[in-house]
Amino acid sequence: MSTAITYCLKLLTPVSHLPSPNFTMKIFLADAEATLRLGITLGESLSAGSVILLEGDLGAGKTTLVQGIGKGLGITELVVSPTFTLINEYTEGRLPLYHLDLYRLEPPEVAALNLETYWEGIEVIPGIVAIEWAERMPYKPDSYLSINLTYEHEVTRQAEITPFNCAISEAIAST
Ligand SMILES: Nc1ncnc2c1ncn2[C@@H]1O[C@H](COP(=O)(O)OP(=O)(O)OP(=O)(O)O)[C@@H](O)[C@H]1O
Ligand SMILES: [Mg+2]
């Protein structure tokens, strides 16, 4: 499995209103455990204010990845899908984890949520914001990590990770 240690840092230089992709890293995930491990690596290394926008079909492994992020942050509580609750907040780890699932919403409904309060960290403690079904978002943050999970076979997945106006400070690939 390939893995990456990724720090999603807001750039100090002004950015245009349309984030530009840096590059796309493709990671093969042999099984759910590999997806969990990728999440753990992210949870151990991401900085406060990082936004992870997750896309991928039903059952692609988005929640599994966020469960790994929770473990990497040191959250012992089980991270569960917020499909019905819309958002779950976990505050016991290194940083707060804000886990959202927009599956049941249309873009105008998403706009009404003022999600920027989470990534601006003004009204909430800055943490990691992980959003499933990010394709429902009518607007995006200035900087974020896009993770697109796709099926290969029954238990294998591919993660395409693209940082938008983020710095990837370290990347480790192993097989
Ligand atoms: N390589 C893999 N990565 C992640 N999950 C896998 C993998 N292989 C099998 N699975 C299984 O697929 C399912 C993925 O479910 P999960 O809830 O993480 O997907 P999801 O993308 O969040 O789905 P939804 O769109 O319904 O929110 C789990 O049952 C998991 O065990
Ligand atoms: Mg899910």
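**Exercises: strand β5 and the shell around ligand 1**

In β6, D101 finds its bridge partner in E132. Keep that pair in mind as you work through this predicted model.

**Exercise 1.** Work out which strands pair with β5, and in which direction each runs.

*Solution.* Start with β4, residues 87-90: four bridges join β4 to β5, and the two run antiparallel. For a landmark, find Y90, which sits opposite L97 in β5. Next, trace the chain from β4 to β5: they make a hairpin, with six residues between them. Now turn to β6, residues 128-132: five bridges link β5 to β6, and this pair is parallel. The D101–E132 partnership belongs here.

**Exercise 2.** Decide how many residues of β5 are buried, and sort them by face.

*Solution.* The cut-off you need: a residue is buried if 20 or more other C-beta atoms lie within 10 Å of its own. Go along residues 97-101 with that count, and five of the five come out buried, so the strand is mostly covered. Then split them by side: L97, H99 and D101 point one way, Y98 and L100 the other. Both faces are covered.

**Exercise 3.** Describe the surroundings of ligand 1: how many residues, from which elements, and of what character?

*Solution.* Count first: 18 residues surround ligand 1, and the closest are T35, G61, K62, T63 and T64. Then look for elements giving two or more residues to this shell: these are α1 (32-45) and α2 (62-73). Finally, sort the shell by chemistry, and you get six nonpolar, eight polar and four charged residues.

Definitions and conventions: Residues numbered from 1 in each chain as written. Chains lettered and ligands numbered in written order. Predicted model: local features only at pLDDT ≥ 70, side-chain atom pairs only at ≥ 80, totals over all residues. Near = placed C-beta within 6 Å. Nonpolar A, V, L, I, M, F, W, Y, C, P; charged D, E, K, R; others polar. Buried ≥ 20, exposed ≤ 12 C-beta atoms within 10 Å, placed from the backbone. Pairing = 2+ DSSP bridges.
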